[in-house]
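Q: Please take a close look at the strands of this model and at what packs around them. I would like one connected account, with the terms explained as they come up.

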Amino acid sequence: MKFFVDTADTAEIKALTPTGLVDGVTTNPSLVMKSGRDFREVVAEICDIVEGPVSAEVTATEAAQMIEEGKSLAGIAQNVCVKLPLTFDGLIACKALTGDGIKTNVTLCFSANQALLAAKAGATFISPFIGRLDDINVDGMDLIREIRIIYDNYDFQTEILAASIRSANHVKEAALVGADVSTVPPGVLKGLAHHPLTDKGLQAFLDDWAKTGQKIL
Ligand code: E4P
């Protein structure tokens with residue numbers, strides 16, 4: 001499974017890249033607002049830090065303007081992936097931008113039929129939002145399961161990008177049901193490394209090592 005980091009905070013991205021875990025980045029207008037940064041400037045900076053796809057979302061709602069915005073965003077760096085909402089206009093824009101060789105991430109997906117349409121429109125990534133479905137008492141993971149089956153049935157190459165991930169359990173479940181990518185808030189990604197028995201075991205080893213009076217260097 002690939003990991004994308006779901007943030008527009010460049011300091012957090014820089015702190016995570018030495019792990020080799022960051023395969024890409026996703027942003028959205030809310031995350032850009034939270035960063036307080038200029039959109040184009042922050043996207044360019046993220047694209048310099050990370051080699052993989054960096055999703056930057058259009059804000060137009062009509063296809064023609066979405067296409068124009070998408071082309072403009074794609075001009076920022078070769079690894080920009082244009083994020084488009086899963087609307088009828090978004091699908092038209094997805095088809096056009098994909099035809100121009102631009103990577104696309106179709107976002108705000110809440111049903112398997114929406115995901116089917118995005119794949120037919122040539123999306124590079126489909127972003128089903130797990131957490132927001134859980135918020136309304138619908139099992140978000142069922143959606144990932146359904147999309148996996150549909151994409152495999154028809155050999156669609158669109159990658160399933162599990163989004164709106166809120167917990168380590170979401171990451172594990174998304175991996176178990178075959179999502180290609182999880183986009184994860186930085187705190188959740190760091191948390192995946194944590195286990196209380198690791199901390200306890202390490203402390204015991206360090207205590208015993210101190211008793212030997214030795215040093216490695
Ligand atoms: C990523 O592409 C999405 O925009 C993001 O995961 C949404 O997460 P949220 O539902 O926690 O805002």
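A: Two strands are said to pair if DSSP finds at least two bridges between them, and the elements themselves are DSSP runs numbered from the N terminus, helices being H or I runs of at least four residues and strands E runs of at least two. The model is a predicted one, in which local features need pLDDT of at least 70 and side-chain atom pairs count only at pLDDT 80 or more, while totals for chains, interfaces and linings use all residues. Residues are numbered from 1 along each chain as its sequence is written, and side-chain values use heavy atoms, with hydrogens and water left out.

With those terms in place, T26 has S55 in β3 as its bridge partner. Strand β2 (residues 24–26) and strand β3 (residues 54–57) pair in the parallel sense, over two bridges. In the wider arrangement, eight strands close into a barrel with parallel pairing, in the order β1-β2-β3-β4-β5-β6-β7-β8. From one strand to the next, the twist averages 30°, where axes are lines fitted to C-alpha atoms, for helices over the stretch in contact, and angles run from 0 to 180 degrees between N-to-C directions.

Helices lie against these strands. Helix α4 (residues 63–74) lies across β3 and β4 (80–85), and runs at about 160° to β4. Helix α6 (residues 112–120) packs on the sheet, where it touches β5 (104–109) and β6 (125–128), and its direction makes about 165° with that of β5. Contact here means heavy atoms within 4.5 Å.

The nonpolar packing can be followed from the same region. A nonpolar core is a set of buried Ala, Val, Leu, Ile, Met, Phe, Trp, Tyr and Cys residues joined through side-chain atoms within 4.5 Å, and buried means under 20% relative accessible area, exposed over 50% and partly exposed in between, with a 1.4 Å probe and protein chains only. The largest such core has 55 residues, and those with the most contacts inside it are V80, L84, I126, I144, I147 and Y151. Helix α8 gives the largest share of this core, six residues. Leaving aside residues up to four places away in sequence, V80 touches V43, C47, V54, A56, L73, A74 and K103. Another core, of five residues, lies apart from it and includes F4, C81, F125 and L161.

One loop residue completes the picture. S164 is found in the loop between β7 (159–162) and α9 (168–176); although S164 is not a glycine, its phi is positive, at about 55°. S164 counts as buried because its relative accessibility is 9%.
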